[in-house]
Amino acid sequence: MSDKRTARPEPRLPKGMRDVDASEVRGMESMLSTIRSVYELYGFEPLDTPAFEYSDALGKFLPDSDRPNEGVFSFQDEDEDWLSLRYDLTAPLARFVAANYDGLPKPFRRYQTGPVWRNEKPGPGRFRQFTQFDADTIGAASMAADAELCMLAADTLEKLGIPRGSYVVRVNNRKILDGLLEAAEVTTGGERLIVLRAIDKLDRVGIEGVEQLLGKGRKDESGDFTKGAELKKKQITPITDFISATAGESADSLNRIEALLGNSEAASKGIAELRQIEAILGAAGFDQTRVKIDPGVVRGLEYYTGPVFEAELTFEVKADDGAPTRFGSVGGGGRYDGLVERFKGVRIPATGFSIGVSRLFAALKALGKLDAQSQCGPVVVMVMDRDRLGDYQRIVQDLRGAGVRAELYLGDSGLKAQMKYADKRGAPCVVIQGEDERQRGEAQIKDLIEGRKLSEEITDNAKWREGRPAQISVKMDDLIASVQSIVARHES
């Protein structure tokens, strides 16, 4: 007899992935439905694109002689073409627009939600798969398109229950940052990216930390060292002057920045565009408590060409260690006039906004806005006599026909185990019909939720058996109405 044992796979999750349970799925679906309703209200139309694209179509990461493994998950098909899982929803949109441009209305307005994947190092709260919810307008050069997306972001947050004063949508323009980099004589692509990332860390590391990141580098509290941009002092000074100028009210900060960067054609255009956006927002009734011009906003993606915006939550919650903390940014976007051009060869204006669904969901949970999304489990019909499975299934179908979530117990266990099963399923009640009840044309309904409450109050076993708490006998004609009443009471 062979001693060899069958090798069994370990039931492990891939790094950076997670399973999502029923309560979060339902809460997430409710949140997505609310977001969708606002996007539809603004006139955006739904679109869905494949989970993976040809790697060269994604654009940001291209295959090399080995595999395009930086930032994206990639594989080769039977024709040896490289394909990659989408890392955002914008690059596939650009491909779709380029392929269908002649038949689309211009401007083209679409929304889309779905998972995206990043081949990056996972960490606490940082996953390799996450969901985004985007709205984009393609073919509109007007700053009204960018202003509208800022309005959309604000209205969406309020519709989800985040009160005014607990969020702000902050707006800047990449052209201003381009003018700043010109003034600081930062020219190479890699150097520019390091500088922008350093400025973006202002809230976390302060102006001294930004200076260190612009210079030799910075060591944080844990001892980890981040290499800096290696700029000279004369290059760092205009950047720190710019950071100081961004404080205060938007009109004042724009005036100060204009004084600093007025010689830059790019910065002057960016300032003019921000003033247009501010005027449109004001006319539409969106003041600075909702949407604020903030020249300190930096968006990470390199393809932004004009206005950039971030939706930020400003209320505080307690972290795991009890210290107050903020959720910060839950969405962002901006203008990317060059993305469709990669395919068409002509400049096509575009702007978009994307919500980070998981982060926003966590924020709503912290605010208690998702408590009402809990749902009772299904009503469970017990099996007392296995020769009568058809009768029990008919009861289940009658309940379903009346709109009641219901299921027949499909296991092989006795009544006690069936009750435990119903309890684990979160059933509001169970239906029991033995032979005696059948002959009387009745059924027993046991209210499990009410039963648990009463069990905490009754300690005497005799009294328990005598009272049979939360269990009633009803005629079959009254079964559906009685079950509906119990379910409604517990779900209200």
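1. How many of the ten residues of strand β6 (residues 129–138) are buried? In this predicted model, seven of them are buried, and the strand is therefore described as mostly covered, where buried means under 20% relative accessible area.

2. Strand β6 has a partner in strand β5 (residues 108–117), with the two running antiparallel and joined by ten bridges. Within this pairing, Gln 129 of β6 is the bridge partner of Trp 117.

3. Strand β6 also pairs with strand β13 (residues 350–356). These two strands are again antiparallel, with seven bridges between them. Here Gln 132 is matched with Gly 356, which lies in β13.

4. A separate point concerns an open sheet of five strands, whose order is β15-β14-β16-β17-β18 and whose pairing is mixed. At its edges stand β15 (406–408) and β18 (471–475), each of which pairs on one side only. From one strand to the next, the twist averages 25 degrees.

5. Inside this five-strand order, β16 is followed by β17. Strand β16 covers residues 429–432 and strand β17 covers residues 442–447. Four bridges connect the two in the antiparallel sense. In this arrangement, Val 431 is found opposite Ile 445 of β17.

6. The strands of this sheet also meet a helix: α18 (residues 479–491) lies across β14 (379–381), β16, β17 and β18. The direction of helix α18 is at about 5 degrees to that of β17. Among the strands that the helix crosses is β18, one of the edge strands.

Note on methods: Residues numbered from 1 in each chain as written. Predicted model: local features only at pLDDT ≥ 70, side-chain atom pairs only at ≥ 80, totals over all residues. Heavy atoms only, no water. Pairing = 2+ DSSP bridges. Axes fitted to C-alpha atoms, helices over the stretch in contact; angles between N-to-C directions. Contact = heavy atoms within 4.5 Å. Buried < 20%, exposed > 50% of the residue type's maximum accessible area, 1.4 Å probe, protein only.
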